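Could you take me through the reading of a structural model, feature by feature? I would like the general idea each time, and then the case at hand.

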Amino acid sequence: MVVLKSLPPPSEGIKLQQADTTAVLDGKRLGSGTLFVAEAQLSWFDGSGMGFSLEYPSISLHAISRDPGAFPEEHLYVMVNAKLDDEGEQEMEDKGPDDAGEDESDSGSEGSETITEIRFVPSDKAALESMFSAMCDCQALHPDPEDAETDDDEDYEGEEYDVEEAEQEQGHGDIPTFYTYEEGLSHLTSEGQATLDRLEGMLAQSVAQQYHMAGVRTDQASAEFEDGMEVDSNAVAGQFDDADVDHW
């Protein structure tokens, strides 16, 4: 038996109020009434003031149905994870909205008997889009607690990494020190100085080779490297005439 109670219509947070809307609950027409889409609850009342209210966490699905094979008229389809009968209505009141998540989890094990299908059929079919949008806005205000816990688990993976503790364990708690070129030279070890000398020698040899043109070393090499390194003056100080140039 469908439970209709004498309840006051919502007075706050009303997103949409749609008159001349027929409610069909599990295939049984309840007559024409007014649908209230409010932030706290979804409610429907007939002309005599009798009706029912639904908590949003108990609503698992709502959609616009235009399939004549499912129902002859276009309507707003709502699936509720509870039975809106004497026993089901009393159980929902005893648990309250905070326990709606438990109702949803229990519905999976109890089967299809815990599902109630409600169809709201407005006389003005153009109002379906507004009805659907208003329900989306209100249901978004009541997220599923299980979904929130899942999001938290996805955002947090593994143990928290303590940077300071890790640096102390590895002996790298101090901030690295940076030097200028001159300061760096003064802090070189003997092995580091030997390595630097060897690299500079290799660099000088590589650059000096670039000035061998057609078998002749020009004075430009000597001029660029006379500061900071010793160069064989016999190799670069001679002046050459055109006759000294090898022709290839």
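The dialogue below takes up the sheet, a helix, one loop residue, the salt bridges and the aromatic rings.

Q: What kind of model is this?
A: This is a predicted model, and the values discussed here are to be read with that in mind.

Q: In what order do the strands of the open sheet lie, and how are they paired?
A: The general idea is to follow the sheet from one edge to the other. Here the open sheet has eight strands in the order β1-β5-β4-β3-β2-β8-β7-β6, with antiparallel pairing. β1 (5–6) and β6 stand at the edges, and because each has a single partner strand, one side of each is left without a neighbour in the sheet.

Q: Over how many bridges do β3 and β4 pair?
A: The antiparallel pairing of β3 with β4 extends over five bridges, and within this part of the sheet Val37 stands opposite Leu42, a residue of β4.

Q: Which strands does α3 lie across?
A: For a helix against a sheet, one asks which strands it covers and at what angle it runs. Helix α3 lies across β2, β3, β4, β6, β7 and β8 (116–122), and its direction makes an angle of about 160° with β6.

Q: Where is Ala40 placed, and which residues is it in contact with beyond its neighbours within four places in sequence?
A: Ala40 belongs to the loop between β3 (28–38) and β4 (41–46). Once the neighbours within four places in sequence are set aside, Ala40 is in contact with Glu55, Tyr56 and His142. The C-alpha atom of Ala40 is also separated by 7.5 Å from that of Cys138, although these two residues are 98 residues apart along the chain.

Q: Why is Ala40 classed as partly exposed?
A: The class follows from the relative accessible area, with partly exposed covering values between the 20% and 50% limits. Ala40 has a relative accessible area of 48%, and is therefore partly exposed.

Q: How many salt bridges does the structure hold, and which parts does the pair of Lys83 and Asp26 tie together?
A: There are six salt bridges in the structure. In one of them Lys83 is joined to Asp26, with the closest N and O atoms 3.1 Å apart. Lys83 lies in the loop between β7 (75–80) and α1 (86–95), whereas Asp26 lies in the loop between β2 (14–25) and β3, so the pair ties together parts that are 57 residues apart in sequence. Lys83 is partly exposed at 30% relative accessibility, and Asp26 is partly exposed at 36%.

Q: Which residues form salt bridges with Arg66?
A: Arg66 forms a salt bridge with Glu74 at 3.0 Å, N to O, and another with Glu129, where the closest N and O atoms are 3.2 Å apart. The pair of Arg66 and Glu129 links distant parts of the chain, since Glu129 is in helix α3 (residues 128–139) and Arg66 in the loop between β6 (59–65) and β7, 63 residues apart. Elsewhere, Arg29, Glu73 and Lys125 are linked in a network of salt bridges.

Q: How many aromatic pairs are found, and why is the pair of Phe52 and Phe120 called stacked?
A: For rings, one reads the distance between centres together with the angle between planes. A search of the whole structure gives three aromatic pairs. In the pair of Phe52 and Phe120 the ring centres are 6.5 Å apart and the planes stand at 25°, so the pair is stacked. This pair links Phe52 in strand β5 (residues 50–55) with Phe120 in strand β8, 68 residues apart, and both residues are buried. Ring pairs also link Trp44, Phe52 and Phe120 into a cluster.

Terms used
Residues numbered from 1 in each chain as written. Predicted model: local features only at pLDDT ≥ 70, side-chain atom pairs only at ≥ 80, totals over all residues. Heavy atoms only, no water. Helix = DSSP H or I, 4+ residues; strand = E, 2+ residues; numbered from the N terminus. Buried < 20%, exposed > 50% of the residue type's maximum accessible area, 1.4 Å probe, protein only. Contact = heavy atoms within 4.5 Å. Salt bridge = Lys/Arg side-chain N within 4 Å of Asp/Glu carboxyl O. Pairing = 2+ DSSP bridges. Axes fitted to C-alpha atoms, helices over the stretch in contact; angles between N-to-C directions. Phe/Tyr/Trp six-rings, centres within 6.5 Å; stacked < 30°, edge-to-face > 60°.
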